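Work through the exercises below with the coordinates open. Try each task before reading its solution.

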Amino acid sequence: CCSTFATRELCSAFREGRTSQASQRLRRSIIHADANDYNVIVDDERIAGIIDFGDMVYSYTVGELAISLAYVVLAKRILWGALKKWCDWVSFCSGC
């Protein structure tokens with residue numbers, strides 16, 4: 001997990017409880033921590049509800065945004081990969 005020097009130093013700081021003053025000033029709250037397209041109910045492009053509270057935790061409030069954006073990035077990679085495969089298939093079939 002901790003392969004580079006910087007990563008090892010960061011992991012060590014967290015294990016030893018050494019955090020920067022900036023992180024100590026971040027607001028904390030209870031966050032859902034799993035807001036992805038399977039857990040957010042949408043009605044007419046409006047969020048109507050959220051389900052699956054199994055990952056709720058008291059943490060940095062900004063973590064909610066970070067987790068949600070990570071799901072967006074992951075979904076884009078999956079979509080781009082699927083699109084590339086489809087384009088490759090179309091290109092292959094057009095030569096038939």
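**Exercise 1. Place N36 and say whether its side chain is buried or exposed.**

Solution. The model is a predicted one.
- Step 1: locate the residue. N36 sits in the loop between strand 1 and strand 2.
- Step 2: check its accessibility. N36 has a relative accessible area of 10%. The cut-off for buried is under 20%. N36 is therefore buried.
- Step 3: look for polar partners. The side chain of N36 reaches the backbone nitrogen of Y38 at 2.7 Å.
- Step 4: look further along the chain. L69 is 33 residues from N36 in sequence, and their C-alpha atoms are 9.0 Å apart.

**Exercise 2. Which residues does N39 contact, leaving aside its neighbours within four places in sequence?**

Solution.
- Step 1: place N39. The loop between strand 1 (28-31) and strand 2 (40-43) holds N39.
- Step 2: classify N39. Its relative accessibility is 6%, so N39 counts as buried.
- Step 3: list the contacts. With those neighbours left out, N39 is in contact with H32, D34, G49, I50, I51 and D52.
- Step 4: pick out a polar contact. The side chains of N39 and D52 make one at 3.5 Å.
- Step 5: follow D52. D52 is found in the loop between strand 3 and strand 4 (57-60). At 38% relative accessibility, D52 counts as partly exposed. D52 is not a glycine, yet its phi is positive, at about 65°.

**Exercise 3. Describe A33 and A35: where are they, and are they buried or exposed?**

Solution.
- Step 1: place A33. A33 is in the loop between strand 1 and strand 2.
- Step 2: place A35. The loop between strand 1 and strand 2 also holds A35.
- Step 3: classify A33. A33 counts as buried because its relative accessibility is 16%.
- Step 4: classify A35. A35 has a relative accessible area of 16% and is buried.
- Step 5: check the backbone of A33. Phi of A33 is near 65°, a positive value in a residue other than glycine.
- Step 6: find the contacts of A35. Setting aside neighbours within four places in sequence, A35 is in contact with V40, E64, S68 and Y71.
- Step 7: add a C-alpha distance. A35 and I50 are 15 residues apart in sequence, with 7.6 Å between their C-alpha atoms.

**Exercise 4. How many bridges join strand 2 to strand 3, and which way do the strands run?**

Solution.
- Step 1: count the bridges. Strand 2 and strand 3 (residues 46-50) are joined by 4 bridges.
- Step 2: give the direction. The two strands run antiparallel.
- Step 3: name a pair. V40 has I50 in strand 3 as its bridge partner.
- Step 4: inspect the turn. Strand 2 and strand 3 form a hairpin with 2 residues between them. D44 in that turn has a positive phi of about 55°.

**Exercise 5. Which residue forms a salt bridge with D43?**

Solution.
- Step 1: recall the principle. Side chains of opposite charge can pair when their charged atoms come close.
- Step 2: apply the distance test. The cut-off is 4 Å. The closest N and O atoms of R46 and D43 are 3.9 Å apart, and the two form a salt bridge.
- Step 3: complete the count. The total comes to 1 salt bridge.
- Step 4: check the cover of D43. A relative accessible area of 39% makes D43 partly exposed.

**Exercise 6. Which residues form the nonpolar patch on the surface?**

Solution.
- Step 1: name the members. They are I30, V42, I47, I50, F53, M56 and Y58.
- Step 2: give the area. Together they have about 750 Å² of accessible area.
- Step 3: take one member. I30 lies in strand 1. Its relative accessible area is 59%, so I30 is exposed.

**Exercise 7. What pattern does the chain follow along the sequence?**

Solution.
- Step 1: count the elements. The chain has 3 helices and 4 strands.
- Step 2: order them. The pattern reads α-α-β-β-β-β-α.
- Step 3: assess burial. Of the 96 residues in the chain, 15% are buried.
- Step 4: assess the surface. The chain exposes about 8,100 Å², and carbon and sulfur atoms supply 64% of that area.
- Step 5: assess contact range. Take contacts between residues at least 6 apart in sequence: 58% of them join residues at least 24 apart.

Technical notes. Residues numbered from 1 in each chain as written. Predicted model: local features only at pLDDT ≥ 70, side-chain atom pairs only at ≥ 80, totals over all residues. Heavy atoms only, no water. Buried < 20%, exposed > 50% of the residue type's maximum accessible area, 1.4 Å probe, protein only. Polar contact = N/O pair within 3.5 Å; in protein donor to acceptor, adjacent residues only side chain to side chain. Contact = heavy atoms within 4.5 Å. Salt bridge = Lys/Arg side-chain N within 4 Å of Asp/Glu carboxyl O. Patch = residues over 30% accessible without salt bridge, like charges linked within 9 Å, V, L, I, M, F, W, Y side chains within 5 Å. Areas by Shrake-Rupley, 256 points an atom, 1.4 Å probe, with all protein chains shown as cover. Pairing = 2+ DSSP bridges.
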